[in-house]
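Q: Please take a close look at the part of this model that surrounds the ligand, and then place that part within the rest of the chain. I am new to this structure, so a plain account would help.

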Amino acid sequence: MSKNISNEPLKASVIQPGFDRSGLTSRIVHLGFGAFHRAHQGLYTSEMLALTGSDWGICEINLFGGEELIKQLRQQDHLYSVLEKDAANPVVKISGAVTESLHPELDGKQAVLAKMADPEIEIVSLTITEKGYCADLSTGHLDSNNGLIKADLSHPSEPQSAIGYIVEALRIRKENGDKPFTVMSCDNIQGNSHVARQVVLDYAAELNSDLHDWIESEVTFPCTMVDRIVPAITEESSAALAEQLGIADPCGIVCEPFRQWVIEDNFVSGRPDWGVAGATFVEDVIPFENMKLRMLNGSHSFLAYLGFLGGFKYIYQTMADKDYRTAAHKLMTDEQATTLSMPEGTDLTAYANLLINRFANTAIAHETYQIATDGSQKLPQRMCESLRYHFAKGNSVTWLTLGLAGWMVYVGEKDERGGSIEVRDPMLSEIRSQLAGAKSPEQIVKALLSIEQIFGTDIKQNQAFVEQLIQAVANVKELGARGAVAAALAKQTN
Ligand SMILES: NC(=O)c1ccc[n+]([C@@H]2O[C@H](COP(=O)([O-])OP(=O)(O)OC[C@H]3O[C@@H](n4cnc5c(N)ncnc54)[C@H](O)[C@@H]3O)[C@@H](O)[C@H]2O)c1
């Protein structure tokens, strides 16, 4: 066996799981062993286990990609490391919550389904990215034109999509007379588990009405608000982690010290006491989700498009630019916080200040390009909902408009230096076909606003906004992104 974190001595400063892993049972299946889950739910679970001595282990499953990661995880006894990093005080923790792992390419689809259908599994949690839900996010319903869904509906016992796996596993449970599992989404989607519930029910309805009704009445889908900045691992961050650990960890991940997890307390049967590790259980997660999606993620998208176009590789570099920093803060406080209705005592100004400081952490190399991916899936909940709120009130929307203009220029696939941008987005072909022949800012804006899956049918009806957006696109194209941000600030202070 190769040398790895499970069989080699680690530096004394490394924080070990601190509990007996042999007592764990797989009671959670997690779909999406990506960067975020490892640094968030995986670590919360490990810390909860150390504090409670309970047996809630996780079976990790990647449905798409990540075969090598799963193989590597197995070689190191399902242990992995997390470096929590700010400039002053790096901390490395070993997560011990993972009991086993599966991958359809390595183990076959039936092994994955058998694990999910095992009545010992009480929770199926998800970080499968927005596109994993196969939803039309403008309606919240299943996208019946999605290729994976079409294929799964024709062969439901050989699924490919996460939704297909969940419904087939629930079908087996029902057939066997077993209780169902809870489905808990931890993706950054507004009403994340409500979306999961809707697509699962839409899919089940296509197959069998009894199954649909059983899922509707028996399965719970608690929403969650998740927060921690976890950039994709790079050679540089991997080397920084190895330095702190004393050995390389191909499953390791680097993140910021901050983390937050708010969970709707609505589980079919049991749930771990994640509260001891700092999670908060509430009756209604939606206000917290909206706070985070609009203030954090909305300003992240703003910085990603305008930052990338302006030549900034990392978010912390955009924060070192006074104009971008001020603009992001104004977006948060003037145009996102104002749309929220929070429980009493929530201090949104303090939250905005905390976000600006987190974005400025130079130890976290979060690429603008990474945050810019999949914009079509992200903009509806990060920006469009706030636009609708302001339209109804007749408020001005300088920063939301500029952020959307940044996206519209970005998806044109040309950067400011004449180079091409490799846009990653599941709707890229539709975006391209809409943009075909569109040259002027007016043509670009009208072409893109007509994509109803992103902008609905209403946003393009607001003529004053459309004019403002055309001007913002013209500014980004003529002045460059940095010039457009500076011009918008100058206009506001005049
Ligand atoms: N990285 C962050 O800072 C962060 C913060 C908060 C929330 N999130 C949420 O976590 C999600 C995952 O982010 P990440 O950083 O772990 O990304 P990642 O690229 O490291 O992992 C993506 C995971 O999604 C799975 N996946 C991708 N497409 C899928 C599909 N069509 N069906 C099923 N599974 C699919 C992959 O197998 C992989 O495990 C994001 O989409 C976001 O909603 C991330």
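A: What follows begins at the ligand and then moves out to the annotated regions, two helices and one loop.

The model is predicted. Around the ligand there are 19 residues, and the closest of them are Ala35, Phe36, Asn62, Phe64 and Asn188. By type, this shell divides into eight nonpolar residues, seven polar ones and four charged ones.

Some atom pairs show how protein and ligand meet. Asn62, listed among the closest residues, has a polar side-chain atom 2.7 Å from an oxygen atom of the ligand. Asp187 also places a polar side-chain atom by a ligand oxygen, at 3.0 Å. With Phe33 the backbone is involved: one of its backbone N or O atoms lies 3.3 Å from an oxygen atom of the ligand. Taken on its own, the ligand has 820 Å² of accessible area, and the protein covers 80% of that.

The annotated regions come next. An unreviewed UniProt entry places the feature "domain: Mannitol dehydrogenase N-terminal" at residues 27-274. Over that range the chain is 40% helix and 20% strand, and the C-alpha atoms at the two ends are 14 Å apart. For residues 284-476, UniProt lists "domain: Mannitol dehydrogenase C-terminal", again from an unreviewed entry. Here the chain is 66% helix and 0% strand, and the end C-alpha atoms are 39 Å apart.

Two helices can be described in detail. Helix α7 covers residues 162-176, which is 15 residues. From its first C-alpha to its last, α7 reaches 21 Å, close to the 21 Å expected at 1.5 Å a residue. Most of α7 is covered, with eleven of its 15 residues buried. Among the buried residues of α7 are Ala162, Ile163, Tyr165, Val167 and Leu170, and also Glu168 and Arg173. After α7 comes Gly177, which has a positive phi near 75°.

Helix α8 runs over residues 192-207 and has 16 residues. Its first and last C-alpha atoms are 23 Å apart, close to the expected 22 Å. The buried residues of α8 include Asn192, Ser193, Val195, Val199, Leu201, Asp202 and Tyr203.

The loop between α3 (67-75) and β3 (80-84) holds Asp77, and His78 lies in that loop too. Asp77 is not a glycine, yet its phi is positive, about 55°. His78 is likewise not a glycine and has a positive phi of about 60°. Their exposure can be stated for each in turn. Asp77 has a relative accessible area of 45%, so it counts as partly exposed. His78 has a relative accessible area of 11%, which is under the 20% cut-off, so it counts as buried. The side chain of His78 also makes a polar contact, at 2.8 Å, with the side chain of Ser101.

Note on methods: Residues are numbered from 1 along each chain as its sequence is written. This is a predicted model: local features need pLDDT of at least 70, side-chain atom pairs count only at pLDDT 80 or more; totals for chains, interfaces and linings use all residues. Side-chain values use heavy atoms; hydrogens and water are left out. A residue is near a molecule or strand if one of its heavy atoms lies within 4 Å of it. A polar contact is a pair of N or O atoms within 3.5 Å; within protein, one must be able to donate a hydrogen and the other to accept it, and residues adjacent in sequence count only if both atoms are side-chain atoms. Accessible areas come from the Shrake-Rupley method with a 1.4 Å probe; for residues, only the protein chains shown count as cover. Ala, Val, Leu, Ile, Met, Phe, Trp, Tyr, Cys and Pro count as nonpolar, Asp, Glu, Lys and Arg as charged, and the others, Gly among them, as polar. UniProt positions are given in the numbering used here, feature names are shortened, and annotations may be inferred rather than shown by experiment. Helices (H or I, at least four residues) and strands (E, at least two) are DSSP runs, numbered from the N terminus. The expected span of a helix is 1.5 Å times one less than its number of residues. Buried means under 20% relative accessible area, exposed over 50%, partly exposed in between (1.4 Å probe, protein chains only).
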